[in-house]
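This report describes a single structure in terms of its ligand site, its core and a set of individual residues. The sequence and the coordinates are shown first.

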Amino acid sequence: MKIIDIIKGNKPSLSFEVFPPKTFDSLETVRRVTEEIADLRPGYMSVTYGAGGSTDIYTPEIASCIAARGVTPLAHLSCIGATEEKVSSILAELKRRGIDNVLALRGDLPEGVEKHEGVYRFASDLVAKIRDVGGFCIGGACYPEGHPESASLGEDIRNLKIKADAGCEFLTTQMFFDNEIIYGFMDKLAAAGITVPVVPGIMPVTNAKQIIRITSISGNALPKKFMRIIDRYGDNPEAMKQAGIAFAIEQIIDLYAGGFNAVHVYSMNKPDVARSIQSGMAKILGI
Ligand code: FAD
């Protein structure tokens, strides 16, 4: 099934993300957690692509594992440093496996590199390539608070329009912790003529130290309500996990109420977190 049909469907969709193993040794573990999450019957599941193509074998493998469980997979693919042959061979592999949804990404620049000069400079170049191959539903990433390399949110949105015009059919957002940010972002996208559906990406914070480190790099705004939770429960892992899940559920319920039909959860290979979030809104999801 094409993800765009799930996003535009008549019932709210909750989807989950997993990341593939880096080595063969942990393939079985990742396969097991992937199946556990798939058995929750989410709207779809995405599989990330390791930096610089480091999981090129395992991303399609885990995507197949999701499909075998009866759930629609979305395979991430990044293009930074990749040759055209490499990208073609991965797309052929995805086709061979019957996987027809791809999240087209640029990937992060290697440390110390300011500009990439390869075949694919931006995700929009990869989107165009996938569109030319044909048969895939193509998604892309977007940043409600602006991509860290962009001089301004306005500049980033102008670049996002290029990606949408190249054939990107839907966008998944970077995590954010204040829903007002995404409502404002949607108004800006509409003003820029970007009309493809946007799927908010929600990160349930279960580890205070980790999130402070991640957000110091990504530049996410951390609302006072969120900081109070970190301050109060950050040193108590079990309490932090419960509070982080509750915070994510509240964010997601508001997003559905605010008009989004699909929400993606960065479930980070944690079936218990995915299960708690889904069961915390079972009636809202109609399950
Ligand atoms: P782009 O859309 O190419 O944007 C990158 C920068 O270039 C932005 O600042 C943009 O404004 C600018 N830009 C874009 N087009 C142009 C243009 N034509 N001219 C000038 N400037 C331009 N990384 C992974 O390695 N693997 C993953 O699986 C993965 N999954 C992700 C999933 C989501 C939902 C998100 C939000 C990010 C993910 N990332 C992943 C991280 C992502 O690869 C990085 O954030 C990367 O720095 C940017 O990727 P992009 O696809 O958004 O790039």
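In this predicted model, an N or O atom in the side chain of K163 is 2.8 Å from an oxygen atom of the ligand. Two further polar approaches to ligand oxygen atoms are listed below together with that of K163.

| Residue | Protein atom | Distance to a ligand oxygen atom |
|---|---|---|
| H76 | polar side-chain atom | 2.8 Å |
| A123 | backbone N or O atom | 2.8 Å |
| K163 | side-chain N or O atom | 2.8 Å |

On its own the ligand has 970 Å² of accessible area, and the protein covers 84% of it. Three elements give two or more residues each to the surrounding shell: β4 (101–105), α6 (153–166) and β6 (170–173). Which of the elements supplies the largest share of the shell? That share comes from α6, with four residues. There are 23 residues around the ligand, and those that come nearest are Y49, D108, Y143, D156 and K163. By residue class, the shell consists of nine nonpolar, nine polar and five charged residues.

**Helix α5 and its surroundings**

A123, whose backbone approaches the ligand, is also one of the buried residues of helix α5, which spans residues 123–133. The other buried residues of this helix are S124, L126, V127, K129 and I130. An α-helix has 3.6 residues a turn, so residues three or four places apart point the same way. The buried residues of α5 pack against two helices, α4 (84–96) and α6, and against the strands β3 (73–78), β4 and β5 (137–142). After α5 comes G134, which has a positive phi near 85°.

R106 lies in the loop between β4 and α5. Is R106 buried or exposed? R106 counts as buried because its relative accessibility is 13%, below the 20% limit for that class. Its side chain is joined to that of E149 by a polar contact of 2.7 Å. Leaving aside residues up to four places away in sequence, R106 touches S78, C79, I80, R121, F122, A123, H147 and E149. A123 thus appears both among the contacts of R106 and among the residues with an atom 2.8 Å from a ligand oxygen.

Helix α6 also contains K161, which is partly exposed, with a relative accessible area of 26%. Beyond residues up to four places away in sequence, the contacts of K161 are A192, G193 and I194. The C-alpha atoms of K161 and A192 are 7.4 Å apart, although 31 residues separate the two in sequence.

**The largest nonpolar core**

In soluble globular proteins, nonpolar side chains tend to be buried together. The largest nonpolar core of this model has 63 residues, of which L14, I252 and I277 touch the most other members. Helix α10 (residues 237–257) gives the most to this core, namely six residues. Not counting residues up to four places away in sequence, L14 touches P42, G43, Y44, I252, Y256, V263, V265, I277, Q278, M281 and L285.

L285 belongs to helix α12 (residues 282–285) and is buried, with a relative accessible area of 7%. With the same exclusion of sequence neighbours, L285 touches K11, P12, L14, Y256 and Q278. By contrast, E35 lies 250 residues from L285 along the chain, and their C-alpha atoms are separated by 21 Å.

S13 lies in strand β1 (residues 13–18). S13 is buried, at a relative accessible area of 4%. Its contacts, apart from residues up to four places away in sequence, are I6, G43, Y44, Y256, N261, A262 and V263. Y256 therefore recurs in these lists: it is touched by S13, by L14 and by L285, the last of which is buried.

**Positive phi outside glycine**

R41, which is not a glycine, has a positive phi of about 60°. R41 is found in the loop between α2 (27–38) and β2 (45–47) and counts as exposed, at 51% relative accessibility. N269 likewise is a residue other than glycine with a positive phi, near 60°. Its position is the loop between β9 (262–265) and α11 (271–279). Where R41 counts as exposed, N269 counts as buried, at 13% relative accessibility.

Technical notes: Residues numbered from 1 in each chain as written. Predicted model: local features only at pLDDT ≥ 70, side-chain atom pairs only at ≥ 80, totals over all residues. Heavy atoms only, no water. Near = heavy atom within 4 Å. Polar contact = N/O pair within 3.5 Å; in protein donor to acceptor, adjacent residues only side chain to side chain. Areas by Shrake-Rupley, 256 points an atom, 1.4 Å probe, with all protein chains shown as cover. Nonpolar A, V, L, I, M, F, W, Y, C, P; charged D, E, K, R; others polar. Buried < 20%, exposed > 50% of the residue type's maximum accessible area, 1.4 Å probe, protein only. Contact = heavy atoms within 4.5 Å. Core = buried A, V, L, I, M, F, W, Y, C linked by side-chain atoms within 4.5 Å.
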